[in-house]
Amino acid sequence: WIEKDHLRPSLSLDGSIFYKELYLTVSDWQFHIWKSCGTKLFVSPQSSVLLTGGKWSRRFPGVLYISTCDGSIDVWNFADVSCADFPVTKLLTSPKSITAMEIIDDESTSDEALAIGNSDGSLQVYHLPLNFLKKPKKIHSVPESLAIGGGCIDMKVDLPYSEATRKNASNSNDGNEEKKGDDEIKQNVPKLENFLNSFEEFEKSCAKELGIDIVEE
């Protein structure tokens, strides 16, 4: 699909790892949220300063970060209907324009960190003070709807799994398969015994008709 997006050139494009059908595009003064079917779900209010980029959170579903030319980052939380039309907070990093932004995903900590490059050539790493947001611990804690565009939009949840989680899931499935196999064997034991008894009776009947004596061990 192809759709007209911003009037000015797009500066950033990023997809959500929790909702694979959501995309964020950022231009000079606004950002848009798109659904992969070509539907524009949200158009942000016009910013008072130039925007320089944007990223979906890798730890918090429905949260995104918008960087600006004054060195600040606007944090939006579309998982909370009470604050979906405005930034929940503004992070002040430096007085220089943010020219690059990447999320550092360290599984050894519950924090989310942003690596930020500024127009003066410096690199800064911030551990975000997002104590008002809770990291989802289970797939059921990832919201299945987001407050976008003044309403709740139902979303298909795609929870990212770490390698350890995949291994645990695999081991759990192996254990379930093994238990299932044991249960099937137990259910079939009586059937096998009945079959053997019937065959033994048939064997004796045939031997009797043929005049053969069967020596039992």
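**Exercise 1. Work out in what order the elements of the protein chain run from the N terminus on.**

Step 1: Start at the N terminus of this predicted model and follow the chain: the elements go β-β-β-β-β-β-β-β-β-β-β-β-β-α.
Step 2: Put that into a tally, and you get 13 strands and 1 helix.
Step 3: Now look at how the contacts spread along the chain. Take those with a separation of 6 or more: 43% of them link residues 24 or more positions apart.

**Exercise 2. Find out how confident the predictor is, and where its confidence drops.**

Step 1: Begin with the whole protein chain, where the average pLDDT is 74 and 60% of the residues reach at least 70.
Step 2: Next, go element by element. Strand 5 (residues 51-56) has the highest mean pLDDT, at 95, while strand 13 (residues 151-154) has the lowest, at 54.
Step 3: Then hunt for stretches where pLDDT stays under 50. Residues 134-141 form one of them, and the model gives this stretch 12 contacts beyond four places in sequence. Residues 157-170 are another stretch under 50, with 18 such contacts.

**Exercise 3. Describe the open sheet that contains strand 5, and say which strands sit at its edges.**

Step 1: Line up the strands: 4 of them make an open sheet in the order 5-6-7-8, with antiparallel pairing.
Step 2: Look for strands that pair on one side only. Those are strand 5 and strand 8, so they are the edge strands.
Step 3: Check the twist, which averages 25° from one strand to the next.
Step 4: Zoom in on one pair. Strand 5 and strand 6 (residues 63-68) run antiparallel and are joined by 5 bridges. For Leu51, the bridge partner in strand 6 is Thr68.
Step 5: Recall what holds such pairs: strands of a sheet pair through backbone hydrogen bonds.

**Exercise 4. Decide whether Ser97 is buried or exposed, and list what Ser97 touches.**

Step 1: Locate Ser97 in the loop that connects strand 8 (89-92) with strand 9 (98-104).
Step 2: Compare its relative accessibility with the cut-off. Buried means under 20%, and Ser97 has 18%, so Ser97 counts as buried.
Step 3: Skip residues up to four places away in sequence. What Ser97 then touches is Thr52, Thr68, Cys69, Gly71, Gly117, Asn118 and Ser119.

**Exercise 5. Do the same for Ile98, then find how far Ile98 is from Gly121 in space.**

Step 1: Ile98 belongs to strand 9.
Step 2: Its relative accessibility is 1%, so Ile98 counts as buried.
Step 3: Leave out neighbours within four places in sequence, and the contacts of Ile98 include Thr52, Thr68, Gly71, Gly117 and Asn118. Ser67, Ser72, Ile73, Thr93 and Ile116 are also among them.
Step 4: Ile98 and Gly121 are 23 residues apart in sequence, and their C-alpha atoms are 9.9 Å apart in space.

**Exercise 6. Look at the surface of the protein chain and at two of its cysteines.**

Step 1: Of the 217 residues in the protein chain, 35% are buried. The chain exposes about 13800 Å², and carbon and sulfur atoms supply 52% of that area.
Step 2: Sort the cysteines. Cys37 counts as exposed because its relative accessibility is 53%, whereas Cys69, at 29%, counts as partly exposed.
Step 3: Search the whole structure for disulfides, and the count comes to 0.

Technical notes
Residues numbered from 1 in each chain as written. Predicted model: local features only at pLDDT ≥ 70, side-chain atom pairs only at ≥ 80, totals over all residues. Heavy atoms only, no water. Helix = DSSP H or I, 4+ residues; strand = E, 2+ residues; numbered from the N terminus. Buried < 20%, exposed > 50% of the residue type's maximum accessible area, 1.4 Å probe, protein only. Contact = heavy atoms within 4.5 Å. pLDDT = per-residue confidence, 0-100. Areas by Shrake-Rupley, 256 points an atom, 1.4 Å probe, with all protein chains shown as cover. Disulfide = S-S within 2.5 Å. Pairing = 2+ DSSP bridges. Axes fitted to C-alpha atoms, helices over the stretch in contact; angles between N-to-C directions.
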